[in-house]
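Hi,

Here's the structure I said I'd pass along. Have a look at it first, and my notes follow underneath.

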Amino acid sequence: MSFAPNLGRAAAPAQHRVWRFLRHNGLGLFFLTTFLLALAGQAVAGQADFNNQLVTDGMAPVSFGAYLTSSDFTVDVTENWQSEYLQFFLYIFATVWLLQRGSPESKQLDRAGTESDEEQMVGKHGKEDSPRWAAVTDWRGLVYSRCTTGVEG
């Protein structure tokens with residue numbers, strides 16, 4: 001009895017589950033990875049700068065672990081987290097293409113990418129209760145469509 005055919009069949013569904021997981025959780029995984037890479041980069045650069053300051057002052061440099069547990073690292077991290085505008089820009093831009101299953105901020109899993117004017121209800125598809133700039137077709141409509149959907153009206 002050969003097990004090779006069964007192994008091939010078992011591998012295909014497992015690979016499908018991995019891709020489905022990545023697709024359904026792309027938004028969260030993207031921001032988690034971005035966060036961890038930024039934090040690691042800040043830790044490496046921060047330790048180098050901190051040690052340069054110590055050496056300039058005639059003191060001994062500290063180890064990477066000692067820097068990570070210092071108040072200087074904590075202060076630097078919290079100051080960088082105050083850059084809300086960059087974070088919101090990245091979040092808004094990423095949610096056009098990346099999806100997160102179960103998230104109320106994410107699009108439905110089958111609707112990744114930009115949407116049409118009809119779906120966004122802009123230009124001639126605007127309703128009476130739509131914002132004024134959404135219903136016009138001049139420069140204001142173009143600005144509104146760029147700020148809300150990223151596509152031309």
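Let me start with Asn25, which counts as buried because its relative accessibility is 12%, and the cut-off for buried is under 20%. You'll find Asn25 in the loop between H1 and H2. If you skip the neighbours within four places in sequence, Asn25 is in contact with Leu99 and Gln100.

Before you zoom in any further, bear in mind that this is a predicted model. The mean pLDDT of the protein chain is 79, with 84% of the residues at 70 or more. Helix H3 (residues 64-68) has the highest confidence, at a mean of 96, while helix H8 (residues 139-148) has the lowest, at 68. Over residues 149-153 the pLDDT stays under 50, although the model has 14 contacts beyond four places in sequence for that stretch. Predicted coordinates shouldn't be read in detail where pLDDT is low.

On to the overall picture. The protein chain has 8 helices and 0 strands, so if you follow the elements from the N terminus you simply read α-α-α-α-α-α-α-α. Of its 153 residues, 21% count as buried. The accessible surface adds up to about 11,400 Å², and carbon and sulfur atoms account for 62% of that. Taking the contacts between residues at least 6 apart in sequence, 37% join residues at least 24 apart.

What sits in the largest nonpolar core? Six residues: Ala43, Phe50, Leu54, Tyr67, Phe73 and Val77. Helix H2 (26-56) and helix H4 (71-80) each supply at least two residues of this core, and H2 gives the most, with 3. Ala43 is a good one to click on: leaving aside neighbours within four places in sequence, Ala43 is in contact with Phe64, Tyr67, Leu68 and Phe73. Of those, Tyr67 and Phe73 are core members too.

Now for the outside. Val18, Trp19, Phe21 and Leu22 make a nonpolar surface patch of about 430 Å². One of these, Phe21, is found in helix H1 (residues 4-24). Is Phe21 buried, exposed or partly exposed? Partly exposed, because its relative accessible area is 47%, and that class falls between the 20% and 50% cut-offs.

That's what I have for now. Shout if you'd like to go through any of it together.

Cheers

How values were computed
Residues numbered from 1 in each chain as written. Predicted model: local features only at pLDDT ≥ 70, side-chain atom pairs only at ≥ 80, totals over all residues. Heavy atoms only, no water. Core = buried A, V, L, I, M, F, W, Y, C linked by side-chain atoms within 4.5 Å. Buried < 20%, exposed > 50% of the residue type's maximum accessible area, 1.4 Å probe, protein only. Helix = DSSP H or I, 4+ residues; strand = E, 2+ residues; numbered from the N terminus. Contact = heavy atoms within 4.5 Å. Patch = residues over 30% accessible without salt bridge, like charges linked within 9 Å, V, L, I, M, F, W, Y side chains within 5 Å. Areas by Shrake-Rupley, 256 points an atom, 1.4 Å probe, with all protein chains shown as cover. Salt bridge = Lys/Arg side-chain N within 4 Å of Asp/Glu carboxyl O. pLDDT = per-residue confidence, 0-100.
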